[in-house]
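Subject: The structure we talked about

Hello,

Here is the structure I promised to pass on to you. Please have a look at it first, and then read on for what turned up.

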Amino acid sequence: MHQDNENKTFLEKFKSRTIQGLFWILPIAAILMLIFWVYDKIDSIVNLILDFFGINPQNNEFLWVIGVVLVLVFILYIIGYLIKTQVAHYVESLFHDIPGFSTIKDIIGIFNSSKEGATKVLVVAIRGFANEGYNIGLMYSQTQSIIKDHYTVTLSQTPLPNGGYLFEVHKDNIFIIEEATFDDNLQYLLSMGVKSLAEILNTESKSIEEMKSLTEWLKEHPQED
């Protein structure tokens, strides 16, 4: 009986981990399949266009590359236009229950908002691990944390900015680097410290007292409930 229970426990763990692995890899596989499908369709379209004009794609690789780029840019423009319509909401509703889709959508939304200004992404300095030191991070949201008067700051790793740590920091210990943007912070991370943020911003260094605290920033930019 004891052996049967151990076998059952092993099989349950094996099944659970297999399902977890499946759900983890499904979004990645779906994205890769979509990329290959789009590439195949673009390749077919470009070949048809070149054949129509009597051009052999194999002997004119440069024209083929130009054609692929132009068709891809056109498709991306159409998709960008449709995103603002009800068509995008309908398509999203079809994929909403796919594991990982919501997470990928949220990540893409973060990057889009940082470009469009729909959600302000702040580059901030917080009191660091050393007594007198500071760390530079990002605030993707200015919504208060579960801890009163604390806000979530992301400290990215370098040179891979998609990894990092989340910290809940008191608002009095967060200082806004107003000149910096999301792209500036990305460039700073990729430089691995070779270039300081002051060099990237082409500005003079300043004392922490000269920077606006998050408390002051929130007074100027009240958040909607």
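Below are the findings, going from the whole chain down to single residues.

Please keep in mind throughout that this is a predicted model.

**The chain as a whole**

The chain has seven helices and six strands. Reading from the N terminus, their order is α-α-α-α-β-β-β-β-β-α-α-β-α. Of the 225 residues in the chain, 22% are buried. The accessible surface amounts to about 16,800 Å², and carbon and sulfur atoms hold 62% of that area. As for contacts between residues at least 6 apart in sequence, 45% of them join residues at least 24 apart.

**A nonpolar patch**

On the surface there is a nonpolar patch formed by Ile25, Ile28, Ile31, Leu32, Ile35 and Phe36. Together these residues have about 560 Å² of accessible area. One of them, Ile28, sits in helix H1, which covers residues 2–52. Ile28 has a relative accessibility of 38% and so counts as partly exposed, as this lies between the 20% and 50% cut-offs.

**Strands S3 and S4**

Strand S3 (residues 150–156) is mostly covered, with six of its seven residues buried. S3 pairs with strand S4 (residues 164–170) in the antiparallel sense, and the pairing runs over seven bridges. Within this pair, Thr152 stands opposite Glu168 of S4.

Which residues surround Thr154, once its neighbours within four places in sequence are left aside? Thr154 belongs to strand S3, and its contacts are Gly137, Leu138, Tyr140, Tyr165 and Leu166. The relative accessible area of Thr154 is 15%, so this residue is buried, the limit being 20%.

**After S4: Asn173**

The loop between S4 and S5 holds Asn173, a partly exposed residue with a relative accessible area of 28%. Not counting residues up to four places away in sequence, Asn173 touches Ala125, Ile126 and Arg127. There is also a long-range approach here: Asn173 and Ser213 are 40 residues apart along the chain, while their C-alpha atoms are separated by 7.4 Å.

**Helix H5**

In helix H5 (residues 182–190), the buried residues are Phe182, Asp184, Asn185 and Leu189. Viewed down the helix axis, the buried residues of H5 fall within an arc of 160°, which means that they line one face of the helix. Following H5 comes Met192, and its phi is positive, near 55°.

**Salt bridges**

Side chains of opposite charge can pair when their charged atoms come close. How many salt bridges are there in this model? The count comes to four, and here are some that you may like to look up.

- Glu178 and Lys212 meet through their side chains, at 3.3 Å from N to O. Glu178 lies in the loop between strand S5 (174–176) and H5, and Lys212 in strand S6 (residues 212–213), so this pair ties together parts that are 34 residues apart in sequence. Glu178 is partly exposed at 48% relative accessibility, whereas Lys212 is buried, with a relative accessible area of 17%.
- Glu220 and Lys212 also form a salt bridge, with 2.7 Å from N to O. Glu220 is partly exposed, its relative accessible area being 47%. Salt bridges that share partners join Glu178, Lys212 and Glu220 into one network.
- Glu179 forms a salt bridge with Lys206, and their closest N and O atoms are 2.7 Å apart. This pair links distant parts of the chain, 27 residues apart: Glu179 is in the loop between S5 and H5, and Lys206 is in the loop between helix H6 (197–201) and S6. Both partners are partly exposed, Glu179 at 38% relative accessibility and Lys206 at 35%.

If you want a place to begin, try the network of Glu178, Lys212 and Glu220. After that, you could turn to the pairing of S3 with S4 and to the buried face of H5.

Happy browsing, and do write back with any questions.

Best wishes

Technical notes. Residues are numbered from 1 along each chain as its sequence is written. This is a predicted model: local features need pLDDT of at least 70, side-chain atom pairs count only at pLDDT 80 or more; totals for chains, interfaces and linings use all residues. Side-chain values use heavy atoms; hydrogens and water are left out. Buried means under 20% relative accessible area, exposed over 50%, partly exposed in between (1.4 Å probe, protein chains only). Helices (H or I, at least four residues) and strands (E, at least two) are DSSP runs, numbered from the N terminus. The arc is that of the directions from the helix axis to the C-beta atoms. Two strands pair if DSSP finds at least two bridges between them. Patches are made of residues with over 30% relative accessible area and no salt bridge: like charges are joined within 9 Å, nonpolar side chains (Val, Leu, Ile, Met, Phe, Trp, Tyr) within 5 Å. Accessible areas come from the Shrake-Rupley method with a 1.4 Å probe; for residues, only the protein chains shown count as cover. Contact means heavy atoms within 4.5 Å.
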